[in-house]
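Let's take a walk through this structure together. Have the sequence and the 3D view open, and we'll stop at a handful of places along the way.

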Amino acid sequence: MKKSLLWISAMRLRTLPLSVSGILLASCLAAYNGYFEWPIFILAILTTLSFQILSNIANDYGDGIKGTDNEDRVGPERAIQSGRITPDEMFNAIKINILIAIGLSFLLIFTAFRVKHFFLTMLFFLLGIASIAAALRYTIGTSAYGYRALGDLFVFIFFGLISVAGCYVLYAKTIDHVVFLPACTIGLLSVAVLNLNNMRDMKSDELSGKITMAVKLGPKQVRFYHYALVVMAIVLSALFGILYYTNILNFIFIVAYIPLISHLVKVSKTEAFELLDPELKKIALSTFLLAILMGIGHLL
């Protein structure tokens, strides 16, 4: 594989649609209430992508130098694991991505708030710093939270609550009750994606000392935990459709339930978690589809 392609692989492009799901949904909710602005939308997408790419390469670096990514790992080969990108090269890429993320965050915050909303400006600067720190600290450092079964909580907060509610505030300059059920829905499904990834890697993670929620719960309980995440997301999205109903087209998002239910059936019938790797793409794209259709359905 050419080195340029290896860098693209390290960015893990298949995770990017999931990362922008909350932005797309929040933008539709803002458009419904008359707050949508294209510059904010474009910068929010770019900023979110920069955070996700930073997280992906930081995870590659953290797991690589700790030896977690080894020959026992089931998923796709990581960049440092392959030996064709050195830890120093990856660390330099992390530094460059941090600068990009900071620059995009500044542009987004300035575009959204200008000089009129000092409190919100300060709040979002802090959220930007927290997002960068969360991306780095997932696997990097002796107290990496991804090694202490805290990844699920952070994913729910950043991919769900902050992604949807935070993006809505960028447009509206205020919070609205309409965002909470969608934020929890996307947060739960994002956790389900992480959990499925951790289920797949459970054996190698346990051997290398990486304590994820999957390792902590064990093979039997983590399967029920996964069911609960997906089912709760379906229930909350349906409740959103009922509470904010205006016409039958609001429920167009139930189309996304088909691949989600199919995914649950597949998980229930698969004994070896190592065989669930193809399901990662299915549930990630199902989350992306649900977010889009919830947003569009609310606009109809």
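We'll begin with the aromatic rings: 17 aromatic pairs turn up here. Keep in mind as we go that this is a predicted model. A pair of aromatic rings is described by two things, the distance of the centres and the angle of the planes. Take Phe36 and Trp38: their ring centres are 5.1 Å apart and their planes meet at 85°, so this pair is edge-to-face. How covered are the two partners? Phe36 is partly exposed, with 27% relative accessible area, while Trp38 comes out at 55% and counts as exposed.

Now look at Tyr138 and Tyr145, which also make an edge-to-face pair, with 5.4 Å from centre to centre and 65° between the planes. Tyr138 is buried at 11% relative accessible area, and Tyr145 is buried too, at 8%. Back at Phe36 and Trp38, there's a bit extra to see: together with Phe41 and Tyr171 they form one aromatic cluster.

Next, the cysteines. A disulfide is a covalent bond between the sulfur atoms of two cysteines. How many disulfides does the count give? It comes to zero. Cys28, for example, is in no disulfide, and the nearest cysteine sulfur, in Cys167, is 10 Å away. Cys28 is also buried, with a relative accessible area of 16%. Why is Cys184 without a bond to Cys167? The sulfur of Cys167 is the closest cysteine sulfur to that of Cys184, but at 16 Å it is too far away for a bond. Unlike a buried residue, Cys184 counts as partly exposed because its relative accessibility is 23%.

Cys184 brings us to helix 9, which covers residues 180–200. This helix has 21 residues and reaches 30 Å from its first C-alpha to its last, close to the 30 Å expected at 1.5 Å a residue. Helix 9 is mostly covered, with 19 of its 21 residues buried.

For a sense of distance, find Phe91 in helix 6, which runs over residues 87–113. Phe91 is partly exposed, at 36% relative accessible area. From its C-alpha to that of His177 is 41 Å in space, and the two residues are 86 apart in sequence.

Our last stop is on the surface. There, a nonpolar patch of about 800 Å² is made by Tyr245, Ile248, Leu249, Ile252, Val255, Ile258, Leu289, Ile296 and Leu300. One of these, Leu289, sits in helix 14, residues 277–299. Its relative accessibility is 31%, so Leu289 counts as partly exposed.

Key
Residues numbered from 1 in each chain as written. Predicted model: local features only at pLDDT ≥ 70, side-chain atom pairs only at ≥ 80, totals over all residues. Heavy atoms only, no water. Patch = residues over 30% accessible without salt bridge, like charges linked within 9 Å, V, L, I, M, F, W, Y side chains within 5 Å. Areas by Shrake-Rupley, 256 points an atom, 1.4 Å probe, with all protein chains shown as cover. Salt bridge = Lys/Arg side-chain N within 4 Å of Asp/Glu carboxyl O. Helix = DSSP H or I, 4+ residues; strand = E, 2+ residues; numbered from the N terminus. Buried < 20%, exposed > 50% of the residue type's maximum accessible area, 1.4 Å probe, protein only. Disulfide = S-S within 2.5 Å. Expected span 1.5 Å × (residues − 1). Phe/Tyr/Trp six-rings, centres within 6.5 Å; stacked < 30°, edge-to-face > 60°.
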